[in-house]
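Trainee: Before we look at individual contacts, could you take me through how the terms are assigned here?
Mentor: Gladly; let us set each value against its cut-off.
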Amino acid sequence: MKRLYTIVNSGVFFIALGLGLSCNPPKENTAQRKFSIAVRDSINIENLDPLHLKGYDPLSDHYLLSNAGIGIRQIFQVNGKGAITSHFTIPEEGPNALSNPGSVGFLNGAIIIYDMEKGFVKLNPDSSIIPEAKIPYPHNYLFFPPHLPLIKQSGEEMYYIKPLIDEDFIDGMGEQFYKNYYSKSLLEKHNSKTGETKPYLKIPEQSVFKDGMNHGIYVPVIKNKGNDWLVSTWFDPFVYLYKENDDGITFEKAIDLQITGMNKYQSVEMKNSDQFFDINAGKRPGNINDILFMDDYTVIVYRKGLTDQEQKDIKANFPNQTKMEMEKKDTFYAVILDKDYNVLDSKVNFPNGVYYPNIVNKSNEIIALKNPDLFDVEENYVTLYRMELGFE
């Protein structure tokens, strides 16, 4: 499994995050208007090292950040003014040691760390670590999800992204692996009191992952609000709505995001699964990379990716700044949904320099990291953009 973790974190599926927003809901007919997202203010954090935005706690009005790169070792809490109120280093030895921490986030006001070996642990204010919850069987993640995989916890019940197990890799990452992988449920509920475990959220038939071809590794983004569960597979141009009821969580509908010009990986026949990564080496597909709940809207964050020709042109014109120019070209967009998940606007530009929007704070602002690599000015701090949703 360490080999698979290395494959994904070598850049094939690089995932990072950050964003928030604010708006006073307009009275006009929103179906007749064009939305816009603008920077309202910024939060400067005095830190010289790159950080990733990992979460937000509305109770304390604090943001959670970690070190950038592979493996989480540094965790910071930051208030709304940018002051670092706590800083914790995850040790590799000793009573609080975690050997393979891969995700961190807020859950019910607590900082929860996911470690491959110890499961979900709580980080206390005194920097001690105590067990919080554990997936009830040996497992592996093919990648570390962009959000904490423990999505919801209430009493003895916990909902988490269903991980892979050794038996899933019956032929490595060949035909049988992908057929099984595309048929698995995305979510699991475990009751620690009864020991019962139930799977939910199977990928629906509307997904490209159900057409019999190999489309690579999906990246599930799962968000819950009340009885609604929204799911993105990262590469489908849809978001899938599921409803929680007395029978569990059942599929409701596929929401066509009405996105035009999204680039895709080249699919291969299942029997040629071992060729997928070679055929798609260097491609930059579009992706649906987050789902943000606001007071009156749902914001779907996406990128369109770049065509092969666009990448060739950038490499030819900017040989020494290729990575930066690709980031500038492949900007972030938003689809705006109403309370019934109808599309109101499917091509809303995020401001330049935004890096993976993924948070809405209690002021109804979208919060995102500023990508310093896209600006000529060198800064001695990490910046969070505070953005608001409005009308053009």
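Mentor: A charge sits over a ring if NZ of Lys or CZ of Arg is within 6 Å of the ring centre and within 35 degrees of the ring normal. This is a predicted model, in which local features need pLDDT of at least 70 and side-chain atom pairs count only at pLDDT 80 or more, while totals for chains, interfaces and linings use all residues. Residues are numbered from 1 along each chain as its sequence is written, and side-chain values use heavy atoms, with hydrogens and water left out.

Trainee: What makes K370 lie over the face of F375?
Mentor: K370 is at 4.4 Å from the ring centre of F375, and the cut-off is 6 Å, so the distance condition is met. The charged end of K304 likewise sits over the ring of Y333, 5.1 Å from its centre.

Trainee: Why is the pair of F35 and Y297 called edge-to-face?
Mentor: Rings of Phe, Tyr and Trp (its six-membered ring) pair if their centres lie within 6.5 Å, and planes under 30 degrees apart count as stacked, over 60 as edge-to-face and the rest as tilted. The structure holds 24 aromatic pairs. In the pair of F35 and Y297, the centres are 5.3 Å apart with 80° between the planes, so it is edge-to-face.

Trainee: How do you know that F35 is buried?
Mentor: Buried means under 20% relative accessible area, exposed over 50%, partly exposed in between (1.4 Å probe, protein chains only). F35 has 2%, and is therefore buried; Y297, with 7%, is buried too.

Trainee: Why does Q258 count as partly exposed?
Mentor: Its relative accessibility is 48%, so Q258 falls in between the two limits.
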